[in-house]
Amino acid sequence: MLTSNYSIASLLDKQRQYFATGETKSVDFRLQQLKKLKSAIASRQDKILEALKADLGKPTFEGCFELAVLQDLTYAIKNLKKWVKPQKVKTGLELFPAQAKIHPEPLGVVLIIGPWNYPFSLMISPLIGAIASGNCVLLKPSEIAPHTSALLTELIRDTFPSEYICIQEGGVEVAQELLACKFDHIFFTGGTKIGQIVMEAAAKHLTPVTLELGGKSPCIVDTQINLTETAKRITWGKFINAGQTCIAPDYILVDEKIKADLIKEMKKCVESYFGDNPADSPDFARIINHKQFDRLQNLLTDGKIIIGGNYNREEKYIAPTILDEISPDSPIMQEEIFGPILPVLSYQTLEDAIAFVNSKPKPLALYFFSHNKDKQQKILRETTSGGLCFNETIMHVGVTELPFGGVGDSGIGAYHGKATFDTFSHHKSVLSRPFWGDLNWRFAPYSEKNVKLFKQIFTK
Ligand code: NAD
């Protein structure tokens, strides 16, 4: 149930009334709020890292990834005046001397629902765009990361009046109560199944949605590679945040000719990153809760363990694990792993690998390791995914001007950089014309001359 004094309906009502005052539309106001948010986060950096450690055992360095929202704020503050400028488009001669422009305007009151794996940045990152676009915002962080949820609540309540930006903690019940209301946009980050529930609820009000979802992100490895760099980048991408990253390489599809070499090299990487006993490493995170732990532990029974495989339920620890001899039909290949377990499958031809990937739902990310440009082009042409990296994992998420999002089952819409501003804006098409200069080609009574003129202008 709600913990605030307001019911959600009255809170929304207050936000609507506040939005109607027009205050949030002023660019100076938006800049001021972005700066306020930036200093609220900057002054709480240690607390944020502590909360992430308490929820996920996040190593300080990995917690710092979430503080990179400060850079996003700097970027938005620097570029906002450029983003809000109406964009001129061409008009035809028939409308001379009219002007046509695209005006970005705020959507109104928007809802942002977040997940638990990057529980701070995945709330703040969309919030930046929602503020930049001039909206009022209601935030619902994940109840599964309670320390970060509490910290976000303190930060938001301390920084903004609730009629402008407010936060509602809680689980499924609160989320459903929120989803029953009419918003002007819903931005949801989470699993594909819940994404369907969100979209269904939004459809009742014809509310547009951005769905940042998950799924299995494959990593294809060709023979034409730098083996050491490949192993380093895959194991890093897989084991940060103990594999609980939406774009972590979910499984490897490697050319059978180099499978043994790759496995050997990845084993070396894991040992060099986390030592002989990763349970003692300060650089390896923990599983978020026992429900996730039990789900992951069940997946360890598939295939042959090459490295890792040990666990400690009390500490919610699962070692970084690599599995060989995995059947494509095994349970681990049927769901998003979302934990520190990396199955390695092999292929005979690149065509086989592509066919396998294309037989599954469209992934959020696809990774291809090969320095052969023709093969890279083949992957680009013949597969589809939210994002694609050649010879890298995860890092595309950090390129501010690359829109980040899924396709098909992995999501709808995208954000980051200007794309976040665009996601939370309506792009209004505006035509403006003076009273002079009309060629009078469209008014009845129609004559042969009208027909001729129309054909001359519009049917070429
Ligand atoms: P989740 O879908 O279980 O929960 C996300 C949010 O939805 C939470 O705030 C939760 O309270 C709410 N929720 C849960 N059940 C609900 C229901 N029945 N009705 C309405 N709301 C409900 O996701 P999660 O477990 O927090 O996160 C893991 C998933 O999110 C993974 O699939 C991962 O790939 C995905 N993810 C995607 C991205 C991305 O950017 N695409 C980023 C992080 C995580």
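This briefing walks through a few spots in the structure shown above. The model is a predicted one. We start with an open sheet of 6 strands and helix H8, which packs on that sheet. After that come the ligand surroundings, one buried arginine, and some backbone details that are fun to look up for yourself.

**The sheet**

- Follow the strands across the open sheet and you meet them in the order E5-E4-E3-E6-E7-E17, with mixed pairing.
- Strand E5 (165-167) and strand E17 (411-412) stand at the edges; each has a single partner strand, so one side of each is left without a neighbour in the sheet.
- At the E17 end, strand E7 (residues 209-212) pairs with E17 in the antiparallel sense, over 2 bridges.
- Within this region, Glu 212 stands opposite Gly 411 of E17.

**Helix H8 on the sheet**

- Helix H8 (residues 172-179) packs on the sheet and touches three strands: E3 (109-113), E4 (136-140) and E6 (185-189).
- The direction of H8 makes about 150° with that of E4.
- Four residues of H8 are buried, namely Val 174, Ala 175, Leu 178 and Leu 179.
- These buried residues lie on the same side of H8, because they cover an arc of only 135° around the axis.
- Turn to the other side of H8 and you find Val 172 and Glu 173, which are exposed.
- The cover over the buried residues of H8 includes helix H1 (8-20) and helix H9 (192-204), along with E3, E4 and E6.

**Around the ligand**

- There are 28 residues around the ligand, and those that come nearest are Gly 114, Lys 140, Glu 143, Leu 213 and Glu 336.
- Glu 143 has a side-chain N or O atom 2.7 Å from an oxygen atom of the ligand.
- Gln 176 places a polar side-chain atom 3.5 Å from a nitrogen atom of the ligand.
- Glu 212, which we met opposite Gly 411 in the sheet, has a polar backbone atom 3.5 Å from a nitrogen atom of the ligand.

**A buried arginine**

- Look for Arg 44 in the loop between helix H2 (27-42) and helix H3 (45-56).
- Is Arg 44 buried or exposed? Its relative accessibility is 8%, so Arg 44 counts as buried, the cut-off being under 20%.
- Leaving out residues up to four places away in sequence, Arg 44 touches Glu 154, Leu 155 and Asp 158.
- With Asp 158, the side chain of Arg 44 makes a polar contact, side chain to side chain, at 3.0 Å.

**Backbone details to look up**

- Here is some background: most peptide bonds are trans, and most residues other than glycine have a negative phi.
- The peptide bond from Phe 96 to Pro 97 is cis, with omega near 5°, and Pro 97 lies in the loop between strand E1 (87-89) and strand E2 (99-106).
- Ala 444 and Pro 445 are also joined by a cis peptide bond, with omega about -5°.
- Pro 445 sits in the loop between strand E18 (425-432) and helix H16 (448-458).
- That loop between E18 and H16 also holds Asn 440, which is not a glycine yet has a positive phi of about 55°.
- Asn 440 is partly exposed, with a relative accessible area of 48%.
- Asn 391, in the loop between strand E16 (387-390) and E17, has a positive phi too, near 60°.
- At 22% relative accessibility, Asn 391 counts as partly exposed.

Conventions
Residues are numbered from 1 along each chain as its sequence is written. This is a predicted model: local features need pLDDT of at least 70, side-chain atom pairs count only at pLDDT 80 or more; totals for chains, interfaces and linings use all residues. Side-chain values use heavy atoms; hydrogens and water are left out. Two strands pair if DSSP finds at least two bridges between them. Contact means heavy atoms within 4.5 Å. Axes are lines fitted to C-alpha atoms, for helices over the stretch in contact, and angles run from 0 to 180 degrees between N-to-C directions. Buried means under 20% relative accessible area, exposed over 50%, partly exposed in between (1.4 Å probe, protein chains only). The arc is that of the directions from the helix axis to the C-beta atoms. A residue is near a molecule or strand if one of its heavy atoms lies within 4 Å of it. A polar contact is a pair of N or O atoms within 3.5 Å; within protein, one must be able to donate a hydrogen and the other to accept it, and residues adjacent in sequence count only if both atoms are side-chain atoms.
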